[in-house]
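Trainee: Hi! Could you walk me through a structure today? I'm new to this.
Mentor: Happy to. Here it is.
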Amino acid sequence: METLLVISVALSAGLFMSRVVKPLKLPAVTGYLVAGILIGPYCLGLLGIKGLGFTSTAEVSAMSIINDVALGFIAFAIGDEFRLSQLKKTGKQATVIGIFQAVLTTALVDAVLIGLHFILGPEKLPLSTAIVLGAIASATAPAATLMVVRQYKAKGKLTSLLLPIVALDDAVGLIIFAVSLGVAKTLHNGELSLISVIVDPLVEIFISLIVGGIIGYVLSICEKFFRSNTKRQALVVTAIFLAVALSKLKYNIGGVHVGFSPLLVCMMLGTVFCNVCDFSADMMEKTDKWTAPIFILFFVLSGAELEFSVFGDLAIVGIGVIYIISRSVGKYLGAYMSAGFVKCDSHIKKYLGITLLPQAGVALGMSITAMAELGAEGTVIRNIVLFGVLIYELFGPMMTKMALMKAGEISPKVDAPRVAPTKE
């Protein structure tokens, strides 16, 4: 009963807070995150009232299945941006920008933090910590970006490029992180493993794309056996649940770690489905409407799990501020320069980098892996990333909205005049 009560409280808080932030012209996502903070362990949860808030981070973590499912639907929706008809127009630009800005961001953050390492000393900021943070900086949060695009029905050249870039960004980020973590473990333990540096990340990406592609192809075949849109929609949801479940499996084969990226599996599922199934566009639209409550819960839970305790360590706050600034500069410059390379319009060059600032789930997942592999240094990494996510999640959606409006891809809403009913 308590679980259902907490879910209903979380949904209610998210919905009402979205109304509170509307007069402030803030995205609904920001309202959901604030709602999560208010019912989280550092606000309402302090009262210790079971069922009316999250009294501890453990209670928030117990809802992780909702986050997993939500990210699966988000990645599936992003897969719709990889339709072959669309890729013929933007594929080259998205690929160049997605790779270049991720690599440049990592290089810039690495350079800044390594310089800080020599200034502060290895006790305050170990070299391995600086290297891993640079890799984590490459990741962008697809959820917040997608929700802003949907809420304001953004449409245009920038929006068409944005979602494929976010997807590619995370794929590149996974490779950079795996390589950087391998180097960091070498510095930490003194042992170099080429398997963990090179083989593991390539296997994870390759297998994730294969599994997602197979599920997507099977889904497109099974859909043809049903004529009811309700049953077709149920089949799509089933396929996404299956993809999320399979992506949680992990194996070790001959010293090679075989794992899956949930984002890549579900993104490939959506990509294959939208290119093979004739009525995929209709199914995508219906699935989007079905997932609204799940996405609200996802962002409320994201707000509830933000760790405000990181503010208690001034060293973490200081390094975190430098991390945020250098990452933001890297994202903006990387997008601006690479958009120029592929001859994008001026408004894309100017505003694309701002839309890539949000950071959340993928970065947090990377930090958890670092904490498990690097011990005390990993804990420092986790806290710095938590600080960054706190800032990026609260202000990132708002900045994404502003950038899309400046680019002319969000039209201001004009409320229709109310007309009194006439008597017949």
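Mentor: We'll look at two helix pairs and then at some single residues, and please keep in mind that this is a predicted model.

Trainee: Okay, helix pairs first. How do people describe two packed helices?
Mentor: They give the angle between the two axes and the distance between those axes.

Trainee: So at what angle do α2 and α17 cross?
Mentor: Helix α2 covers residues 28-38 and helix α17 covers residues 376-406; their axes cross at roughly 165 degrees and come within 9 Å. Angles over 145 degrees count as roughly antiparallel, so α2 and α17 are roughly antiparallel to each other.

Trainee: Is that crossing left-handed or right-handed?
Mentor: For α2 and α17 it is left-handed.

Trainee: Which residues meet there, in α2 and in α17?
Mentor: From α2 you have V29, T30, L33, V34 and I37, and they meet E393, L394, P397 and M398 of α17. Sorted by class, this contact has seven nonpolar residues, one polar and one charged.

Trainee: Cool. What about α4 and α10, at what angle do they cross?
Mentor: Roughly 115 degrees, with the axes of α4 (residues 64-79) and α10 (residues 229-246) coming within 9 Å. That angle makes α4 roughly perpendicular to α10. The crossing of these two helices is right-handed.

Trainee: And which residues of α4 and α10 meet?
Mentor: D68, V69, G72, F73 and F76 of α4 meet V236, V237, I240, F241 and V244 of α10. By class, the contact divides into eight nonpolar, one polar and one charged residue.

Trainee: New topic: D169. Where does it lie?
Mentor: D169 is part of helix α8, which spans residues 157-189.

Trainee: Does D169 count as buried or exposed, and why?
Mentor: Buried, because its relative accessibility is 0%, and buried means under 20%.

Trainee: What does the side chain of D169 make a polar contact with?
Mentor: With the side chain of K331, at 2.7 Å. Leaving out residues up to four places away in sequence, D169 touches G98, Q101, A102, S138, A139 and T140, along with K331.

Trainee: Next one, T355. Which helix is it in?
Mentor: T355 lies in α15, a helix of residues 346-355. T355 is buried too, with a relative accessible area of 0%.

Trainee: Which backbone oxygen lies 2.6 Å from a polar atom of the T355 side chain?
Mentor: The one of L352. Beyond four places in sequence, T355 also touches T145, L162, T400, A403 and L404.

Trainee: Can we do a residue in a loop? Where is P41 found?
Mentor: P41 is in the loop between α2 and α3, where α3 is residues 57-61. P41 has a relative accessible area of 10% and is buried.

Trainee: How far apart are the C-alpha atoms of P41 and S56?
Mentor: They are separated by 5.0 Å, though the two residues are 15 apart along the chain. Neighbours within four places aside, the contacts of P41 include S56, L46, F54 and A304.

Trainee: Last one: M371. Which helix is it found in?
Mentor: M371 is in helix α16, residues 361-374. With 32% relative accessibility, M371 counts as partly exposed. Setting aside residues up to four places away, it touches G378, T379 and R382.

Trainee: And how far is the C-alpha atom of M371 from that of C266?
Mentor: They are 26 Å apart, with their positions 105 residues apart along the chain.

Note on methods: Residues numbered from 1 in each chain as written. Predicted model: local features only at pLDDT ≥ 70, side-chain atom pairs only at ≥ 80, totals over all residues. Heavy atoms only, no water. Axes fitted to C-alpha atoms, helices over the stretch in contact; angles between N-to-C directions. Helix = DSSP H or I, 4+ residues; strand = E, 2+ residues; numbered from the N terminus. Parallel < 35°, antiparallel > 145°, perpendicular 65-115°, else oblique. Left-handed = near helix turned anticlockwise from the far one by under 90°. Contact = heavy atoms within 4.5 Å. Nonpolar A, V, L, I, M, F, W, Y, C, P; charged D, E, K, R; others polar. Buried < 20%, exposed > 50% of the residue type's maximum accessible area, 1.4 Å probe, protein only. Polar contact = N/O pair within 3.5 Å; in protein donor to acceptor, adjacent residues only side chain to side chain.
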